[in-house]
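Student: Please take a close look at the part where the rings sit, and then carry on from there to whatever surrounds it. I would like the cut-offs spelled out as you go.

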Amino acid sequence: MRILFFAHLKDITGCAQTDLAADNIDTPELWRRLIATYPGLAPQQSQVRLARNCDFATADTHFYSGDEVALIPPVSGG
Amino acid sequence: MDIRVELTPHPIPLARPLPKELTGTAGAIAEFQGIVRAQEAGREIGALEYEAYSAMAEPMIRRICQELAAGGDCQFVSVTHRIGVVSVGEAAIHVVVASRHRAAAFALLTGFMDRLKQDVPIWKARALDTAGRPIAPAP
């Protein structure tokens, strides 16, 4: 799956996107894998929402190999 | 309802004509411009740089407008948001709502701005000084 980072999360991870080899994982497992690769994301987790294929994820969302997953920090448009 | 959404790197033309179909039916046009101020988080700035997750932001803006307009008498909504560098004094967002009566237009406009600032994936990515240099985040 493709992982997208926005705003200050790009500075934390050092990239705008990355590929994660995983299939059918739930939200806690996705966070565990992301933080294992990018420990700087750990303090951000409580404020960052996940989106799967352009829709906000819920507690029940699972993530699959072909998905586009975005980490959405608090928004500030307008 | 006619909904138009645009994320653009270019300055927003603020005097665009409304669709001709509104002539004679729209009794109210509510308009909002969000302007970049010279101070951000207590610091002097020259510009803000906006970033968007466009693939999600555009359909989300459209969906929010549809939800807010449901059951009302709004006829037209136009949302234009800048991305990239927006200088102080320029509009970062321009929203136009047309409806038969003013209450619906005001309600959709304020409701939309509230939802934008909660849910739509657009960010002030960084502030720039008057020379265009990034300003370090406040400690």
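Tutor: A:Phe5 and A:Tyr38 are both buried (buried means under 20% relative accessible area, exposed over 50% and partly exposed in between, using a 1.4 Å probe and protein chains only). Please keep in mind that this is a predicted model, where local features need pLDDT of at least 70, side-chain atom pairs count only at pLDDT 80 or more, and totals for chains, interfaces and linings use all residues. Residues are numbered from 1 along each chain as its sequence is written, chains are lettered from A and ligands numbered from 1 in the order in which they are written, and side-chain values use heavy atoms, with hydrogens and water left out.

Searching the whole structure gives three aromatic pairs over all chains (rings of Phe, Tyr and Trp, the last by its six-membered ring, pair if their centres lie within 6.5 Å; planes under 30 degrees apart are stacked, over 60 edge-to-face, and the rest tilted). A:Phe5 and A:Tyr38 make one of them: their ring centres are 5.4 Å apart and their planes meet at 75 degrees, so this pair is edge-to-face. It ties together distant parts of the chain, 33 residues apart, with A:Phe5 in strand 1 (residues 2-5) of chain A and A:Tyr38 in the loop between helix 2 (27-37) and strand 4 (49-52) of chain A (helices, H or I with at least four residues, and strands, E with at least two, are DSSP runs numbered from the N terminus).

Next comes A:Phe6, whose pair with B:Tyr53 is tilted, at 4.9 Å centre to centre and 35 degrees between the planes. This pair crosses between chains: A:Phe6 lies in the loop between strand 1 and helix 1 (8-13) of chain A, and B:Tyr53 in the loop between strand 5 (47-52) and helix 1 (54-69) of chain B. A:Phe6 and B:Tyr53 are both buried. Ring pairs join these two with B:Trp123 in a cluster.

Chain A offers a charge over a ring as well: the charged end of A:Arg49 lies over the ring of A:Phe56, 4.1 Å from its centre (the rule asks for NZ of Lys or CZ of Arg within 6 Å of the ring centre and within 35 degrees of the ring normal). Chain A as a whole has two helices and seven strands, in the order β-α-β-β-α-β-β-β-β along the sequence. Of its 78 residues, 44% count as buried.

Over in chain B, strand 8 (residues 91-99) has nine of its nine residues buried. It pairs antiparallel with strand 2 (residues 28-35) of chain B over eight bridges (pairing needs at least two DSSP bridges between the strands), and B:Gln33 has B:His94 of strand 8 as its bridge partner. Strand 6 (residues 74-82) of chain B also runs antiparallel to strand 8, joined by seven bridges; here B:His81 is partnered with B:Ile93.

Finally, helix 2 (residues 102-119) of chain B has 18 residues, so at 1.5 Å a residue it should span 26 Å, and its end C-alpha atoms are indeed 26 Å apart (the expected span is 1.5 Å times one less than the number of residues). Its buried residues include B:Leu108, B:Phe112 and B:Leu116.
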